[in-house]
Amino acid sequence: GRGGGGMRGGTRVAVIPHRHEGVFIAKGKEDALATRNLVPGESVYGEKRISVDGEDGNKVEYRVWNPFRSKLAAAIVGGVDQIYIKPGIRVLYLGAASGTTVSHVADIVGPEGLVYAVEFSHRSGRDLINVAKKRTNVIPIIEDARHPHKYRMLVGMVDVVFADVAQPDQARIVAINAHNFLKNGGHFMISIKANCIDSTAEPTAVFAGEVQKLRSEKLKPQEQLTLEPYERDHAVVVGIYRPPQKKQ
């Protein structure tokens, strides 16, 4: 394909919707996860692009999403039940790094959605800002996620908080951001790297401890999933924030 667009020469690739809305599967020799490219004709980090004839005869372009480069993709391939990230919603993404996964989240939420992408490192932040130049639904915020008051004027209420901050106090970081920006009944997804929290403890014990911390902040876990074989000793926890009270 032109400009690294195709997957291996002239093979026909069918793209079918994944059960998570806004996510797709490219059926080729090997199946690949993909998102519909919000900026057709351009890759973000050298990923392959796939062009398919759409219903109306126009070409639709998808970007391959590699689970070895994205914890969210790893969770999806690993069979996570819900990601809650879907077209039209607002996401607060903590630990956006260079914007690799952020670019795919922007593809999923689409032009009607928004991704507030928080990253503390100025070096990664430069790449993130470049992603946001093309994807106007990404709002890059180069700040420390420990201090949400510094960006409260930029961020509205969100439907989902996604966190990949790899900090020992990340449960607290997620909680303080949820209290500021996550709507009641909204959802969270947090990637936990065991040795980053306690390198001496068993990963299962670390994950259990983090889940307890989340519960104490009204972040109610619904699902936990390890990211093997894509990441070692990582888990993703998905849940709901301040679920509506059941009527007696």
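**Exercise 1. State which residue of strand 12 stands opposite L225, and describe how the two strands concerned fit into their sheet.**

Solution.
Step 1. In this predicted model, L225 has V236 of strand 12 opposite to it.
Step 2. Strand 12 covers residues 234-241, and strand 11 pairs with it in the antiparallel sense over 7 bridges.
Step 3. Both strands belong to an open sheet of 7 strands, whose order is 8-7-6-9-10-12-11 and whose pairing is mixed.
Step 4. The edges of this sheet are held by strand 8 and strand 11 (219-226). Each of these has a single partner strand, so one side of each has no neighbour in the sheet.
Step 5. From one strand to the next, the twist averages 15°.
Step 6. As background, strands of a sheet pair through backbone hydrogen bonds, in either the parallel or the antiparallel sense.

**Exercise 2. Find which way the side chains of strand 7 point, and whether they are buried or exposed.**

Solution.
Step 1. Begin with the general pattern: side chains of a regular strand alternate between the two faces of the sheet.
Step 2. Sort the residues of strand 7 by direction: L114, Y116 and V118 point one way, while V115 and A117 point the other way.
Step 3. All of these residues are buried. With 5 of its 5 residues buried, strand 7 is therefore largely enclosed by the rest of the structure.
Step 4. Now look at a neighbour in the sheet: strand 6 pairs with strand 7 in the parallel sense, over 5 bridges. In strand 7, A117 stands opposite Y93.
Step 5. Helix 2 lies across strand 6 (90-94), strand 7 and strand 8, and runs at about 165° to strand 7.

**Exercise 3. Compare the span of helix 4 with the expected value, then describe the surroundings of helix 4 and of its residue N177.**

Solution.
Step 1. Helix 4 has 12 residues, which at 1.5 Å a residue should span 16 Å. The C-alpha atoms at its ends are 16 Å apart, so the two values agree.
Step 2. Helix 4 (residues 170-181) packs on the sheet and touches strand 6, strand 9 (158-163), strand 10 (182-193), strand 11 and strand 12. The direction of helix 4 makes about 160° with that of strand 10.
Step 3. The buried residues of helix 4 are Q170, A171, I173, V174, A175, N177, A178 and F181.
Step 4. Take N177, which is placed in helix 4. The relative accessibility of N177 is 0%, so N177 counts as buried.
Step 5. Leaving out residues up to four places away in sequence, N177 touches L92, L94, A145, P148, Y151 and L182.
Step 6. N177 and H149 lie 28 residues apart in sequence, and their C-alpha atoms are 9.1 Å apart in space.

**Exercise 4. Work out where the buried and the exposed residues of helix 3 lie.**

Solution.
Step 1. Helix 3 (residues 122-134) has 13 residues and reaches 19 Å from first C-alpha to last, close to the 18 Å expected at 1.5 Å a residue.
Step 2. Buried in helix 3 are S124, G125, L128, V131 and A132. Viewed down the helix axis, the buried residues fall within an arc of 115°, so they line one face of helix 3.
Step 3. The exposed residues H122, R123, R126 and K133 are on the face turned away from the buried side of helix 3.
Step 4. Elements covering the buried residues of helix 3 include helix 2 (100-109), strand 7 (114-118) and strand 8 (138-141).
Step 5. At the start of helix 3, a side-chain oxygen of S121 comes within 3.3 Å of the backbone nitrogen of R123.

**Exercise 5. List what the side chain of D159 reaches, and name its contacts.**

Solution.
Step 1. D159 is found in strand 9.
Step 2. The D159 side chain reaches the backbone nitrogen of R90 at 2.8 Å.
Step 3. The side chains of D159 and K183 are joined by a polar contact of 2.8 Å.
Step 4. With neighbours within four places in sequence left aside, D159 is in contact with I89, R90, L182, K183, G186 and H187.

**Exercise 6. Describe the sheet with the order 1-2-3-5-4.**

Solution.
Step 1. This open sheet is formed by 5 strands with antiparallel pairing.
Step 2. Strand 1 (14-17) and strand 4 (49-53) are the edge strands, each pairing on one side only.
Step 3. Direction ignored, neighbouring strands of this sheet are turned by 40° against each other on average.
Step 4. Strand 2 (residues 24-27) and strand 3 (residues 32-36) run antiparallel and are joined by 3 bridges. In strand 3, A32 stands opposite A26.

Conventions
Residues are numbered from 1 along each chain as its sequence is written. This is a predicted model: local features need pLDDT of at least 70, side-chain atom pairs count only at pLDDT 80 or more; totals for chains, interfaces and linings use all residues. Side-chain values use heavy atoms; hydrogens and water are left out. Helices (H or I, at least four residues) and strands (E, at least two) are DSSP runs, numbered from the N terminus. The expected span of a helix is 1.5 Å times one less than its number of residues. Buried means under 20% relative accessible area, exposed over 50%, partly exposed in between (1.4 Å probe, protein chains only). The arc is that of the directions from the helix axis to the C-beta atoms. Contact means heavy atoms within 4.5 Å. A polar contact is a pair of N or O atoms within 3.5 Å; within protein, one must be able to donate a hydrogen and the other to accept it, and residues adjacent in sequence count only if both atoms are side-chain atoms. Two strands pair if DSSP finds at least two bridges between them. Axes are lines fitted to C-alpha atoms, for helices over the stretch in contact, and angles run from 0 to 180 degrees between N-to-C directions.
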